[in-house]
Amino acid sequence: LEELNASADASAAPPPCICGSLLARVSYRERLVRCLCMRMPTKPLNRQNFEALVNSLMERGEVCYYCDLCGDSRATGCVWTCENGNNTIFHANAYDVCERCFAL
């Protein structure tokens, strides 16, 4: 029974990234927020202005990632992205896998 529980826990673990970190499934909105934080690390915006920017970009369908496997991008749904972001030499612009490629 313990082995069965351990195997169930292992299957629920997030998949690894090519850099050794883990991939996280995040909403498109969350990926957009992470993208903006990577692009503007030293430009502080107050929370209200930041949320307004995110909402504006969401309404326009602004693309913030491209799948590193197929090159596609969507402004809806979810994406698998590396928890390391752009903090590794393996993928300087983060690492993203769309849900369609991830399902394959």
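**A walk from α3 to α2 and a buried serine**

Let's start with helix α3: with 14 residues at 1.5 Å a residue, α3 should span 20 Å, and its end C-alpha atoms are indeed 20 Å apart, so the two agree. Keep in mind that this is a predicted model.

Now look at which way α3 faces. Its buried residues are F50, V54 and L57. They cover an arc of only 65 degrees around the axis, which means they sit on the same side of α3. Here's the background: an α-helix has 3.6 residues a turn, so residues three or four places apart point the same way. Flip to the other side of α3 and you find Q48, E59 and R60 exposed. As for what lies over the buried residues of α3, the cover includes α2.

The two ends of α3 are worth a glance too. At the N-terminal end, N46 acts as a cap, with a side-chain oxygen 3.1 Å from the backbone nitrogen of Q48. Just past the helix, G61 takes a positive phi of about 70 degrees.

Next, move over to α2, which runs through residues 28–39. This helix has 12 residues and reaches 16 Å from its first C-alpha to its last, close to the 16 Å expected at 1.5 Å a residue. Its buried residues are Y28, R31, L32, V33, C35 and L36. What covers them includes β1 (23–27), α3 (47–60), β2 (78–82) and β3 (96–98).

One name in that buried set may catch your eye: R31, an α2 residue. It counts as buried because its relative accessibility is 2%, and the cut-off for buried is under 20%. What does the side chain of R31 pair up with? Its partner is the side chain of D96, through a polar contact of 2.7 Å. Leaving out residues up to four places away in sequence, R31 touches V26, M38, C64, Y65, V79, T81, N93, A94 and D96.

Y65, one of the residues that R31 touches, also leads us to our last stop, S73. You'll find S73 in the loop between α3 and β2. Is S73 buried or exposed? With a relative accessible area of 17%, S73 is buried, since buried means under 20%. A polar atom of the S73 side chain lies 2.4 Å from the backbone oxygen of Y65. Setting aside neighbours within four places in sequence, S73 is in contact with V63, Y65 and Y66.

Technical notes: Residues are numbered from 1 along each chain as its sequence is written. This is a predicted model: local features need pLDDT of at least 70, side-chain atom pairs count only at pLDDT 80 or more; totals for chains, interfaces and linings use all residues. Side-chain values use heavy atoms; hydrogens and water are left out. Helices (H or I, at least four residues) and strands (E, at least two) are DSSP runs, numbered from the N terminus. The expected span of a helix is 1.5 Å times one less than its number of residues. Buried means under 20% relative accessible area, exposed over 50%, partly exposed in between (1.4 Å probe, protein chains only). Contact means heavy atoms within 4.5 Å. A polar contact is a pair of N or O atoms within 3.5 Å; within protein, one must be able to donate a hydrogen and the other to accept it, and residues adjacent in sequence count only if both atoms are side-chain atoms. The arc is that of the directions from the helix axis to the C-beta atoms.
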